[in-house]
Amino acid sequence: MSGQSISGVANTGNSLFLKAVAAISTLAGWVSAGMITLAVLITCQMIFIRFILNGSTIWQTEAVIYLMIAATLVGLPYVQRLRGHVNVDLIPIALPIRARRVLAVVTLAISALIIGVMLWYGYEFWHVAYSRGWKSDTVWSVALWKPYLAIPVGLGLLLLQLIADLYAVIIGVDAPFGIEQEGLAARAAGDL
């Protein structure tokens, strides 16, 4: 639609809170990318041992699975910050700016509530695994609290980013749904 553009990164303005959350989410993205890289390297090492050295592998498959799941969970806040999650913006684009803002506040609040509930149960699941000393039923026998820690950490960081996004929309630092309303003056000035 003419007169509107969708920005790709959540704005932080001059807010120290929003900048801190953006930095934490970016760090989470880098950690997630590191986990994916490590998983790829372990996969390559596993292929080398199995097919070149004709040896057996013990821990590699399980480690790669845990790393990829953890990378997905820990990377959630970074993807939220970049607005990379699946988004259907047909309704927000069609709404006037006030209604769009109300819809964004309601959507972000409900999202934060749902992620908060998931965080609660994710933490409880991790704590049970930790307190009962659960181990995987494999030769490696990894203590399951270690890979399960990605659940409360990832969901907690996502909740923090959702709260920051909600705060940014409420105080007017960020546009609802990242949809900037551009005026005719900006278009006439050649900024577009």
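# Notebook: ring pairs, a salt bridge, pockets and a cavity

**Entry 1. Aromatic rings.** I began with the aromatic side chains and noted a cluster in which ring pairs link Tyr-123, Trp-126, Tyr-130 and Trp-145. I record at the outset that this is a predicted model. My count of aromatic pairs came to 7. From this count I examined the pair of Tyr-130 and Trp-145, whose ring centres lie 5.3 Å apart. Their planes stand at 90°, and the pair is edge-to-face because planes over 60 degrees apart fall in that class. I then looked up where the two residues sit: Tyr-130 belongs to helix α5 and Trp-145 to helix α6. They are 15 residues apart, and the pair links distant parts of the chain.

Are these two residues buried or exposed? I found Tyr-130 partly exposed, at 46% relative accessibility. Trp-145 is also partly exposed, with a relative accessible area of 28%.

**Entry 2. Salt bridge.** I searched the whole structure for salt bridges and found 1. Which residues form the salt bridge? The partners are Arg-83 and Asp-174, and their closest N and O atoms are 2.2 Å apart. I traced both residues to loops: Arg-83 lies in the one between α3 (76-81) and α4 (90-94), and Asp-174 in the one between α7 (150-171) and β2 (179-181). With their positions 91 residues apart in numbering, this pair too links distant parts of the chain.

I next looked up the accessibility of each partner. Arg-83 has a relative accessible area of 25% and is therefore partly exposed. Asp-174 has a relative accessibility of 4%, so I entered this residue as buried, the limit being under 20%.

**Entry 3. Largest pocket.** I turned to the open spaces and noted about 470 Å³ in the largest pocket. The lining of this pocket is made of 22 residues, and those closest to the centre are Gln-80, Asn-87, Leu-108, Leu-162 and Phe-177. Which elements each supply at least two residues of this lining? I listed α3, α5 (97-131) and α7. The largest share comes from α5, with 6 residues. Sorting the lining by class, I obtained 11 nonpolar, 7 polar and 4 charged residues.

**Entry 4. Second largest pocket.** I recorded a volume of about 240 Å³ for the second largest pocket. Its lining has 15 residues, and Tyr-66, Leu-67, Ala-70, Lys-146 and Pro-147 lie nearest the centre. Two or more residues of the lining come from each of α1 (16-52), α2 (60-74), α6 (145-148) and α7. I found that α2 gives the most, with 5 residues. By class, I entered 14 nonpolar residues, no polar residues and 1 charged residue.

**Entry 5. Cavity.** How many cavities of 30 Å³ or more does the structure hold? My count came to 1. The space in the largest cavity is about 50 Å³. I wrote down the residues that line the largest cavity: Ala-10, Asn-11, Thr-12, Leu-18, Val-21, Ala-22, Gln-161, Ala-164 and Asp-165. The elements α1 and α7 give two or more residues to this lining. By class, the lining of the largest cavity divides into 5 nonpolar, 3 polar and 1 charged.

**Entry 6. Review.** Reading back, I see that α7 contributes to the lining of the largest pocket, to that of the second largest pocket and to that of the largest cavity.

Terms used: Residues numbered from 1 in each chain as written. Predicted model: local features only at pLDDT ≥ 70, side-chain atom pairs only at ≥ 80, totals over all residues. Heavy atoms only, no water. Salt bridge = Lys/Arg side-chain N within 4 Å of Asp/Glu carboxyl O. Helix = DSSP H or I, 4+ residues; strand = E, 2+ residues; numbered from the N terminus. Buried < 20%, exposed > 50% of the residue type's maximum accessible area, 1.4 Å probe, protein only. 1 Å grid on protein atoms, 1.4 Å probe; cavity = no way out; pocket = protein on both sides within 12 Å on 5 of 7 lines; lining within 4 Å. Points joined across faces, edges and corners; volume = space filled by probe spheres on them. Nonpolar A, V, L, I, M, F, W, Y, C, P; charged D, E, K, R; others polar. Phe/Tyr/Trp six-rings, centres within 6.5 Å; stacked < 30°, edge-to-face > 60°.
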